[in-house]
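Visitor: I would like to go through the pockets and the ligand site, with reasons for each label. Please show the model.

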Amino acid sequence: MRYDIIVIGGGPAGLSAALQARTRNKRVLVVGARTEDIPLWKAGQVDNYLGMPGVSGRELLERFEAHAAALGMERMYGRALNAMPVEDGFLVSVGSEVVEGDALILATGTAHGAKYPGEAEHLGMGVSYCATCDGMFYRGRDVVVVGQSAEAPEEANYLHGLGCKVTYVAKTRPDTLDEAIPFRRGVKLEVVGEGNVSALRVDGEEIPCACVFLLRPSVAPGELLPGLEFRDGYIAVDRNMATSIPGVFAAGDCTGLPLQISKAVGEGLIAGHRAAEYLDRTREAGRNV
Ligand SMILES: Cc1cc2nc3c(=O)[nH]c(=O)nc-3n(C[C@H](O)[C@H](O)[C@H](O)COP(=O)(O)OP(=O)(O)OC[C@H]3O[C@@H](n4cnc5c(N)ncnc54)[C@H](O)[C@@H]3O)c2cc1C
């Protein structure tokens with residue numbers, strides 16, 4: 001499926017960018033977690049959003065999403081695992097699917113979590129970020145799901161259905177996890193194995209397994225799109241919210257302080273407009289060649 005603009009992240013910045021790009025009549029896809037998995041959902045009361053004192057984070061997100069959807073935003077729930085520039089746009093992998101866009105807006109927030117010891121070394125050797133992509137390889141084998149996203153229980157149930165012998169590790173057992181899947185509470189994690197993964201060490205005790213599925217709600221932007229420039233740990237942007245990569249814009253917490261809703265919504269507006277203008281300009285230039 002091809003879109004004019006793919007927005008990665010469905011928080012305030014991403015939804016604002018999508019809405020604004022829709023007002024410019026662009027076909028827009030927002031890739032991101034379900035609304036209840038967005039950090040702001042947990043805010044009981046927001047007192048500094050103009051005109052809506054005391055609103056809850058949940059109500060704000062529901063209203064943002066409904067507004068953007070009413071204008072024709074399209075939505076895909078899941079994590080973008082990788083974005084790759086190609087000759088005439090970008091390919092974005094979301095789980096086992098690939099979507100194409102002519103421009104990208106990164107609105108990924110800041111909550112990405114540090115890597116676990118042993119994670120980077122075992123990537124592709126028994127560490128996976130995608131159950132639907134890699135589950136088939138581990139049929140009949142022991143796997144551990146580290147569940148940090150709202151979709152993680154669903155993905156663990158999927159692996160169980162495939163025939164993987166799943167252990168689920170998280171801070172608390174989710175209600176929607178299949179009763180047949182054993183649960184292990186764990187905080188301090190380490191991926192271990194000589195070459196391939198042989199176990200996940202959970203608070204000092206090893207769970208033997210062939211694969212560890214690390215299911216977080218997000219992917220750090222530098223891993224998502226190699227080549228992006230950063231400033232003080234945030235994606236570097238100019239006043240048009242353009243990043244160092246042509247056709248890629250960024251907005252919200254991922255571009256820096258203050259980490260606030262109003263700033264995310266405002267930057268989303270600029271990114272949405274500027275991405276739309278970028279497309280109009282490059283298409284016009286293409287016609288005149
Ligand atoms: C409990 C709490 C209370 C808060 N209270 C206030 C307040 O009162 N006032 C205020 O102004 N601000 C408040 N904030 C801060 C505010 O929530 C943020 O500044 C704002 O949400 C930033 O919006 P954003 O869209 O940039 O990022 P986020 O809201 O973080 O949204 C980014 C989304 O992108 C997703 N994502 C990241 N990578 C990927 C990927 N690879 N694929 C798909 N999706 C991805 C993330 O999972 C996340 O869902 C609060 C935050 C929290 C957590």
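Visitor: Which helices and strands each supply at least two residues of the lining of the largest pocket?
Guide: In this predicted model, they are α1, β2 and α6. The largest share, three residues, comes from α6. The lining has 35 residues, and among those nearest the pocket centre are Gly11, Ile38 and Thr108.

Visitor: What makes Gly11 a polar residue of that lining?
Guide: Gly is counted among the polar residues by definition, and Gly11 is one of the lining residues, so Gly11 falls in the polar class. By class the lining has 19 nonpolar, 13 polar and three charged residues.

Visitor: Where does the ligand sit?
Guide: The space taken by the ligand is the largest pocket, which has a volume of about 670 Å³. The shell around the ligand has 29 residues, Asp253 and Ile261 being among the closest.

Visitor: Why is the pair between Asn48 and the ligand called a polar contact?
Guide: A polar side-chain atom of Asn48 lies 2.9 Å from a nitrogen atom of the ligand. The cut-off for a pair of N or O atoms is 3.5 Å, so this pair is a polar contact.

Visitor: What makes the Val219 pair count?
Guide: A backbone N or O atom of Val219 is 3.4 Å from a ligand nitrogen atom. That value is within 3.5 Å, therefore the pair counts as a polar contact.

Visitor: How much of the ligand's accessible area does the protein cover?
Guide: The protein covers 85% of the 1,000 Å² that the ligand has on its own.

Technical notes. Residues numbered from 1 in each chain as written. Predicted model: local features only at pLDDT ≥ 70, side-chain atom pairs only at ≥ 80, totals over all residues. Heavy atoms only, no water. Near = heavy atom within 4 Å. Polar contact = N/O pair within 3.5 Å; in protein donor to acceptor, adjacent residues only side chain to side chain. Areas by Shrake-Rupley, 256 points an atom, 1.4 Å probe, with all protein chains shown as cover. 1 Å grid on protein atoms, 1.4 Å probe; cavity = no way out; pocket = protein on both sides within 12 Å on 5 of 7 lines; lining within 4 Å. Sits in = over half its atoms within 2 Å of the grid points. Points joined across faces, edges and corners; volume = space filled by probe spheres on them. Helix = DSSP H or I, 4+ residues; strand = E, 2+ residues; numbered from the N terminus.
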